[in-house]
Amino acid sequence: SPYIWYSNSGSDPGVWEDLSENGHNASQASAASRPAIAIGQNGLQVRNFDGIDDFFTFSSPSVSQPAEIWMVYSSSSGPIFSKGITAGTCEVIGFDFITGSGFDCLYAGSGLAEFAPSESFQVLRTVFNGPASVVERNGASLTLFGNPGPGGMSGAGYIGTNSGVFGYSAMSVGEILILPPLSTENASSLT
C-alpha cells in the first residue's frame, strides 16, 4: 500500500488529503499561497501551483530505499529533474522543478535525470534504489546522470517549492503516489 497518495479529489484548497490511510495530509494555512483547484485534461481535477508563492507542506512518513514516486503533472517550468541524494539535512527522495536561477521541488537532492517541461499531462515514475535507480516518463526510460544516492525520506515535505528558499513551481498536479517498489506488471498497469 502507498506511503502517501494525493489524488485528483477533494474540495478544500487548503488541504490535499492523503488517501493512503497514513494521514499525511498536505496543507497550506495561507489562503494566498494555496494552489487553486481546477479541471485539467480529461475532466480530471488538478491542483494548479502558480509558480509565485503556491505550495503545500506535509509531515513525511519515514521511507527507505527502494521506493517509488509517481506523479501525474504538467509544467511550464523547466527543465525538470528527478532526485535523490547521498547525505544532507533536506529530504532526499523527490522531484525538482528548475526555473531560471533556482530550484522548485517536491523534494531536494542531487540529479538522476533531466528533461524538458510539457504543457500536456505526463506520468513520471522514479524508482529510488541507489545505483539501480530508474526514471521513466510515460513508460519510456530517461537517461540518468549524477549520483542517485541511497538516502531515504522523513521530516517535513514540500510540494511546489523547496521550502520557499529557491523558488516555486508553475505546474498542475493531478496525482502523487509515494510507495514501495512495484512489480513490473503492476507498474505497467499504471502507465
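In the predicted model, ring pairs join Tyr6, Trp16, Phe49, Phe56 and Phe58 into a cluster. The structure holds 4 aromatic pairs. For Tyr6 and Phe58, the ring centres lie 5.8 Å apart and the planes meet at 65°, so this pair is edge-to-face. The pair connects distant parts of the chain, since Tyr6 belongs to strand S1 and Phe58 to strand S6, with their positions 52 residues apart. Tyr6 and Phe58 are both buried.

Two members of the aromatic cluster, Tyr6 and Trp16, recur in the largest nonpolar core. This core comprises 22 residues, of which Tyr6, Trp16, Ala26, Ile159, Val173 and Ile176 touch the most other members. Two or more residues are contributed to the core by each of strand S1 (4-6), strand S6 (56-63), strand S7 (67-75), strand S12 (118-128), strand S15 (153-159) and strand S16. Val173 is in contact with Trp16, Val46, Arg47, Phe49, Met71, Val72 and Tyr73, when residues up to four places away in sequence are not counted. The contacts of Val173 thus include Trp16 and Phe49, both of which belong to the ring cluster.

Strand S16 spans residues 170-179 and contains Ser172. With a relative accessible area of 15%, Ser172 falls under the 20% limit and is therefore buried. The side chain of Ser172 forms a polar contact of 2.4 Å with the side chain of Asn48. Beyond residues up to four places away in sequence, Ser172 touches Val46, Arg47, Asn48, Val72, Tyr73, Ser74 and Phe121. Val46, Arg47, Val72 and Tyr73 are among the residues in contact with Ser172 and also among those in contact with Val173.

Leu177 is likewise located in strand S16. Its relative accessibility is 16%, and Leu177 therefore counts as buried. The C-alpha atoms of Leu177 and Trp70 are separated by 5.0 Å, although these residues are 107 positions apart along the chain. Leaving out residues up to four places away in sequence, the contacts of Leu177 are with Pro2, Ile4, Trp5, Glu68, Ile69 and Trp70. Among these, Ile4 and Trp5 fall within the span 4-6 of strand S1, and Glu68, Ile69 and Trp70 within the span 67-75 of strand S7.

Gln45 is placed in strand S5 (residues 45-50) and is buried, with a relative accessible area of 18%. The side chain of Gln45 approaches two backbone oxygens. A polar atom of this side chain lies 3.0 Å from the backbone oxygen of Ser9, and the backbone oxygen of Gly10 is reached at 2.8 Å. Apart from neighbours within four places in sequence, Gln45 is in contact with Asn8, Ser9, Gly10, Ile37, Ala38, Ile39 and Gly174. Gly174 is one of these contacts and lies within the residue range of strand S16.

Glu136 occupies strand S13 (residues 134-137). Its relative accessibility of 15% places Glu136 among the buried residues. Glu136 and Arg125 are 11 residues apart in sequence, with a C-alpha to C-alpha distance of 5.1 Å. When residues up to four places away in sequence are not counted, Glu136 touches Val123, Leu124, Arg125 and Ser141. Val123, Leu124 and Arg125, included in these contacts, lie within the span 118-128 of strand S12.

At the level of the whole chain, the model has 1 helix and 16 strands. Of the 191 residues, 49% count as buried. The accessible surface amounts to about 8100 Å², and carbon and sulfur atoms account for 52% of this area. Among contacts with a separation of 6 or more, 67% involve residues 24 or more positions apart.

The mean pLDDT of the chain is 73, and 65% of its residues reach 70 or more. Among the elements of the chain, the lowest mean pLDDT (32) is found for strand S10 (residues 102-105) and the highest (96) for strand S2 (residues 15-16). Over residues 79-94, pLDDT is below 50, and this stretch has 84 contacts in the model beyond near neighbours in sequence. Residues 96-112 also remain under 50, with 98 contacts beyond four places in sequence.

Notes. Residues numbered from 1 in each chain as written. Predicted model: local features only at pLDDT ≥ 70, side-chain atom pairs only at ≥ 80, totals over all residues. Heavy atoms only, no water. Helix = DSSP H or I, 4+ residues; strand = E, 2+ residues; numbered from the N terminus. Buried < 20%, exposed > 50% of the residue type's maximum accessible area, 1.4 Å probe, protein only. Contact = heavy atoms within 4.5 Å. Areas by Shrake-Rupley, 256 points an atom, 1.4 Å probe, with all protein chains shown as cover. Polar contact = N/O pair within 3.5 Å; in protein donor to acceptor, adjacent residues only side chain to side chain. pLDDT = per-residue confidence, 0-100. Core = buried A, V, L, I, M, F, W, Y, C linked by side-chain atoms within 4.5 Å. Phe/Tyr/Trp six-rings, centres within 6.5 Å; stacked < 30°, edge-to-face > 60°.
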